[in-house]
Amino acid sequence: MGLQNFVNGFFFVYFLFIAIIIPLFDGQIVLPSWFFPKILVEQFYQHALENRDFLVLEKPDFLIRLTWVELLVQWPLSIANLYAILTNKSWFRKTCLIYGVSTATSLVAILSEMIRSPKSNSKLVIIHAPLLVLALISILNGLLAPPQSVSDSVDIVTSRPTIARKKKA
């Protein structure tokens with residue numbers, strides 16, 4: 001149980017980070033700049049220029065569509081996962097799996113474009129590759145069943161459904 005608490009704490013920090021970053025920074029790719037404070041817009045594009053992030057600067061169609069997926073699917077899932085961790089909900093693993101698959105799919109497309117493009121640099125790949133690893137960890141967390149204790153397995157074996165009795169007239 002200690003390992004699962006560590007994993008949940010790790011995911012809480014990760015999903016909190018994602019819940020903040022997606023709307024404030026990734027949202028700048030698809031939403032108008034007047035929607036954000038000027039300092040955030042300047043910081044976002046300064047970072048893109050420093051890292052020569054050609055995807056953010058050129059905004060290809062696939063990146064715009066993936067950003068909409070981030071805003072409409074991954075961001076609400078990260079908020080739901082934060083809630084699930086705080087309240088110890090049983091559906092946390094399912095939403096973690098959905099989030100991980102969606103994120104991994106997006107990152108494979110982005111990383112493949114970065115690797116194939118002559119405009120790319122290795123720093124961009126190094127920045128995005130750990131996010132793919134975190135998405136894969138999220139998928140594994142969703143797929144792996146929680147360990148059952150001995151008392152849980154005994155309860156499953158000894159519990160029997162009640163037999164319906166006929167009413168006497």
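Helices here are DSSP runs of type H or I with at least four residues, numbered from the N terminus. By that rule, in this predicted model, Lys59 sits in the loop that links H3 to H4. A good place to begin is the overall layout, to which this loop can then be related.

The protein chain contains seven helices and zero strands. Read from the N terminus, its elements follow the order α-α-α-α-α-α-α. Of the 169 residues in the protein chain, 36% are buried. Contacts across the sequence are also informative: of those between residues at least 6 apart, 68% join residues at least 24 apart.

Three stretches carry an annotation from a database record. The unreviewed UniProt entry places the feature "transmembrane region" at residues 6-25, 62-85 and 124-144. In the model, residues 62-85 are 100% helix and 0% strand, and 32 Å separates the C-alpha atoms at the two ends of this span. Residues 124-144 are 95% helix and 0% strand, with end C-alpha atoms 31 Å apart.

Turning to the interior, the largest nonpolar core comprises 35 residues. Phe11, Tyr14, Phe15 and Phe92 are the members with the most contacts inside this core. Two or more residues come from each of H1, H2, H3, H4, H5 and H6, and H5 is the leading contributor, with eight residues. Phe11 gives a close-up of how this part of the model is put together. Setting aside residues up to four places away in sequence, Phe11 touches Ile85, Phe92, Cys96, Ile137, Ser138 and Asn141. One of these partners, Phe92, is itself among the core residues with the most contacts.

The model also has a pocket worth a look on screen. The largest pocket has a volume of about 750 Å³ and a lining of 31 residues. Ile21, Asp26, Ile127, His128 and Leu131 are the lining residues that lie nearest its centre. Helices H1 (2-24), H2 (38-50), H3 (54-58), H4 (61-87), H5 (92-116) and H6 (122-143) each give two or more residues to the lining. The largest share of this lining, six residues, is supplied by H5. By residue class, the lining of the largest pocket is made up of 20 nonpolar, eight polar and three charged residues.

Within H5, Ser106 offers a view of a single position. Ser106 counts as buried because its relative accessibility is 5%, and the cut-off for buried is under 20%. Apart from neighbours within four places in sequence, Ser106 is in contact with Leu66 and Gln74.

Finally, two loop residues stand out for their backbone angles. Most residues other than glycine have a negative phi. Arg52, in the loop between H2 and H3, has a positive phi near 50°. Lys59, in the loop between H3 and H4, likewise has a positive phi, of about 50°, although it is not a glycine. Lys59 counts as partly exposed because its relative accessibility is 27%, a value that falls between the limits of under 20% for buried and over 50% for exposed.

Terms used:
Residues are numbered from 1 along each chain as its sequence is written. This is a predicted model: local features need pLDDT of at least 70, side-chain atom pairs count only at pLDDT 80 or more; totals for chains, interfaces and linings use all residues. Side-chain values use heavy atoms; hydrogens and water are left out. On a 1 Å grid over the protein atoms alone, a cavity is a set of points where a 1.4 Å probe fits but cannot get out, and a pocket is an open set with protein on both sides within 12 Å along at least five of seven lines; lining residues have an atom within 4 Å of a point. Grid points are joined across faces, edges and corners, and a volume is the space filled by probe spheres set on the points. Ala, Val, Leu, Ile, Met, Phe, Trp, Tyr, Cys and Pro count as nonpolar, Asp, Glu, Lys and Arg as charged, and the others, Gly among them, as polar. A nonpolar core is a set of buried Ala, Val, Leu, Ile, Met, Phe, Trp, Tyr and Cys residues joined through side-chain atoms within 4.5 Å. Buried means under 20% relative accessible area, exposed over 50%, partly exposed in between (1.4 Å probe, protein chains only). Contact means heavy atoms within 4.5 Å. UniProt positions are given in the numbering used here, feature names are shortened, and annotations may be inferred rather than shown by experiment.
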